[in-house]
Amino acid sequence: MKNSGKLVSFLVPIISILLAFVIGCIIMAVLGANPFVALESLWIGAFGSLRNVGTTLARSTPLIFTSLCACFAYRCGVFNLGGEGQFLMGSIVCCYIATQSGIEGLPAIILCLVGGAAAGGVWSLISGLLKVYRGQNEMIITIMLNYVATLFMGVVYTNWLRDGSVPQTQAVPDATQLSRLFGLRVTSAFVIALVVGLLVYYFLFYTSKGFQLRAVGLNMTAAEFNGFAVKKYILMSFIVSGAIAGLGGSAELLGTQFRLINGFGNGYGFDGVAMALIGQLHPLATILVAIFFAALRVGSTTMQAATGVPTSVSDIIQALVIVFTVAGLAMVKLPGFKAFLGRLTERRKEAA
Amino acid sequence: MEFVMNIILSSVRMATPLIFLALAELYSQRAGLVHIGLEGLASIGSLVGFLVSLITGSPMLGVLAGAAVGILVNMIFAYATVTLCAEQIVYGMAINIFAPALAAFIYRVYFGAGSELVQVGLMNTLSGSLGITSDNFLVRLLLDQTPMVYLAYGLVIFTVIYFNRTKSGLNYKAVGEYPKAAATLGINVIGVKYAACVICGALAGIGGAYLTTCYANTYVDGNVAGRGFIALAAVIFGRWSGAGVLLACLFFGFCDALQIRLQVGSFGVPYQFFQMIPYVATVVVLASIGMKKAGPKSSGKPYLKEER
Amino acid sequence: MDELLRMEHVSKRFGDFYANRDINLSVRKGEVHTLLGENGAGKSTLMNVLIGLYQPTEGKIFLNGKEVRIDSPAQAVKLGIGMVHQHFMLVEAMTVFENIILGDRNTRGIFIDREARRKEILELAERYGLDVELDRPITEIAVGAQQRVEILKTLYRGAELLILDEPTAALTDIEVEGLFKIIRKLTEEGKSVIFISHKMREVLQISDRITILRSGEVVTTLDRSETDGQELANLMIGRELSPSHYEKVEEPGDPVIQLRNVDYHKASKHAGLSGVSLTVGRGEIVGIAGVDGNGQSQLAQIVTGVLTPEGGEVDMKGSKVAQFTPNGFILENVSHIPEDRNKMGLIGNMSVKDNIVLKATDSPEFSSAGGYFLKKKAIRSYALQMQEKYDIRCTSVEQEARNLSGGNQQKVILARELEGEPDLLVAVHPTRGLDIGATRFVHDTMIGARDKGCGVLLISADFDEILEVSDRIVVMFEGQIMGVFSGKNPPIEEISLAMAGK
């Protein structure tokens, strides 16, 4: 039973992706493009050359951070939708340190990353305190704080750190930028993301604290009755998930964008939520999903050039994947479906 | 005085989309369905409302189309959460991702990439269609409004009566409070939940369409700007009652109106700080209510018919 | 007497499991027909078939001689079948009046005609002697009153057949008398009642005929006049009731926990404590008897550190408890079998293995490097050992705890709570919903712990269980202690009176 459960949780996203692609192809056909040509160019755009792979991985980097943020929080039963705000607060503090402190090079990078993570953690902690001590719904609070953070970033790039006439901040000094890997677009930020992912995975599944955090997430009352410091874990999950997002914001600024500008980080928070859910809150699966999403985005540009299908088809495909996956995961939990599966396996046994 | 009157006038206007969205949430939660996907429903409603209003030249048809598409998209939510018993929060989130993506896609397909901003005529106000022009405050407050404003306030009154005075409203509430009990009394729980999704989708679609047919004359991605979530807060703040929700929406509408007015005379403060007002107000209001839990008891829980 | 209801060869299957198999049942007009059976004998399932919540897998149902299909609760209501569920189907946020008219199909019009409805309801209430306050919210009225609302609800819908599912479970003796009066009034007026219970004394008192169910099947149907309690009990359990009793301890050891004048939400009769003083010594089982909802949950949560008392003192092994946290009590070696195992005891989505070591992952036995490395192999082999020792039946220790049967879930909790040889064990309704074998296992385990020197505080609404294992019996009523009795040759009459608040 356990194996079939695992198989199902693996199959559901795969089937969802296939379904989403089928619908995507129908849309493409309706728009007058040849779906096979479009898919081919999508693939080439994302993975066709080493250079393209580099671009895809670079695109996936911030997504990995925000999805790990969501993943970590949900494991503790906290519905943190504020990944975007925490990402932005991290990048804002990072931007200050990088452009204003006068320090450059590796020390600045370390300071920037630590500062960004701290900023994300503190920003997230606000929601955490309101949840734990005022009983507030963390979803609404974190989303409201996303808007506040976005507007605050607006203040920074239109006012406080504005670079001349263009509404954007000054650029991060060359020496403070993260180095590229093998001359590709992808930078050491991607390596940091992978390391964070592995750490989250190790923490959740191989440490006693991680075990207890998951227990809190799955059944808060039972965790409390069994002596776990529930409030402490909830606050910790806010801080750590916020710090992961904040670190991501810093890494994105130092690795790819170099300046804060309108639209920086836009949508990454919700994307992270989607990817964590498709990855079923498994940190490593979540990373794969993030790379898949990034590939769709990068590839869709090539696809648009080749076939004229707008890049937003890839957004539709992504959205359909989440719509199908969540529904599919719910469906396989239904008693009726379980009975159906049971009958199938029985028949197989009888046949054998 | 002028300043105060202007703020009141614009509060009423700014509260209107929130009222539609908050009522959508109220009808959903009263049937036991927590819906955090209103932001998404409103965004697709806003796009479709805009397109139809542009094509037909009738903002009214735009609003109707917004309602229709809201219902359509919300049927996905209904099927997943009511029939498949998917987690409502998670599925609301899926709608929040799906619906705006669909809206953005349709916009790109229709207008092509990198097109110019297309504008559309807004709905006439009552005094506009009657040909009355007056600077009198009361006349402006009562007559210088689009039909949608009257509809919103009318719906609030309807909702109060419906939930407190009618048999059907009582049954509806029972579904959100204790579906199993409702079922033993012969109330069609699944049916009420689906009906709730139709109402919720329609109202959320109208709330979104309001933004492009009565408020701003164009569509941009993200134009709902968190109103779907503020509406959620308004339902909590309004203690799940029609009248309470109205007051909460007026308060948030006031915050919105205030920030717009304050931006004009910005006194050298970056305008973004004023724009934060509605969001910060939401956080402060929620934090001030504190722990007290209320609202429909079975909200958020799936209803399995043959439970074992 | 005429026959009102007949069920022929009714079966209900869930997956491969028959909850009811080939049931034949006949209920006459104006009779009280009892369904007698243990937990899990299939009584509730059968009734849910009758009221249209479940569809029978096979079989026919006749009402007044005509075959009927009851495919929804609405249909059952229309046919004149009404049920008072064990867990009341009342909407707490609404008033008595609103609950009664809920789902009303008898009247026309969109709006609620309050005056007309009130008149109808009050007339009905008068006729059957059902005393209710229409404008009070459900949350403000007592359990007995809630039950009257439920009965009135079914009558208001024109029920001819009333099904009462374990109606006395939550009532005091006085309230039970009141209920029986109402039932007699109902049958006098020609209504039929299906009475579901496993309490022999009440069954003998109220029934006209008795049908005994066992493992989903009908054993037999008997007239009240031709049977007695012993025969019914034997038929119900399927073997002779053996009066197996444990050796009772009369001289407990040093006190493990002492409560002095403990208060908690004093004003609340059903969820508070007022001036509770109580001692549990080493090597004794103190049983708290009383009807559910007289402060037992609060007592259990105070002696496990979940709640903090508002007044009075608690001594743990001779020293005063300063801070009430579950973890503090766990460190004092207090174990807890909580009242709701799914909500409070187990992490349902975690494996059996994880639930067994839930409290102990920080210990060097199961993790190293200060908790930063879990010894998965050690955890697994320990869990296998426990599975063997406590006879936990699961496909593997990796199976999710929520998929286990109630008895096996309870064994997982026992393995976790008792293996550390606690100083104090707090067990709340430890055998609720378990079959006889599992119940016996839990009792043996508790006695075993007692004999090793553990103090046991047993809280149970099952009076037989209290009598079976307690060395001392403490009766609680409305948050107060009504008396303390010896567990050896307990004065049953006196205890029953104390439980009813006298």
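**Chains B and C of a predicted model**

Trainee: How many helices and strands are there in chain B?
Mentor: In this predicted model, the elements of chain B, followed from the N terminus on, run as α after α. The count for chain B therefore comes, with runs assigned by DSSP, to 14 helices and zero strands.

Trainee: Why is chain B described as being as compact as a globular protein of its length?
Mentor: For 308 residues the globule rule gives 19 Å, and the value to set beside it is the radius of gyration of chain B. The two are close, so chain B is as compact as a globular protein of that length, with a radius of gyration of 20 Å.

Trainee: What share of the residues of chain B count as buried?
Mentor: A residue counts as buried if 20 or more other C-beta atoms lie within 10 Å of its own. Among the 308 residues of chain B, the share that meets this cut-off is 56%.

Trainee: How many helices and strands does chain C have, and what is its radius of gyration?
Mentor: Chain C has 17 helices and 22 strands. The globule rule gives 23 Å for its 502 residues, and the chain comes close to that, so it is as compact as a globular protein of that length, with a radius of gyration of 25 Å.

Trainee: Which feature does UniProt place at residues 5–240 and 257–499 of chain C?
Mentor: Residues 257–499 of chain C are 33% helix and 25% strand, and the end C-alpha atoms of this span lie 24 Å apart. For both spans, 5–240 and 257–499, the unreviewed UniProt entry gives the feature "domain: ABC transporter".

Note on methods:
Residues are numbered from 1 along each chain as its sequence is written. Chains are lettered from A and ligands numbered from 1 in the order in which they are written. This is a predicted model: local features need pLDDT of at least 70, side-chain atom pairs count only at pLDDT 80 or more; totals for chains, interfaces and linings use all residues. Helices (H or I, at least four residues) and strands (E, at least two) are DSSP runs, numbered from the N terminus. The radius of gyration is taken over C-alpha atoms; the globule rule is 2.2 Å times the number of residues to the power 0.38. A residue is buried if 20 or more other C-beta atoms lie within 10 Å of its own, exposed if 12 or fewer, and partly exposed in between; C-beta atoms are placed from the backbone. UniProt positions are given in the numbering used here, feature names are shortened, and annotations may be inferred rather than shown by experiment.
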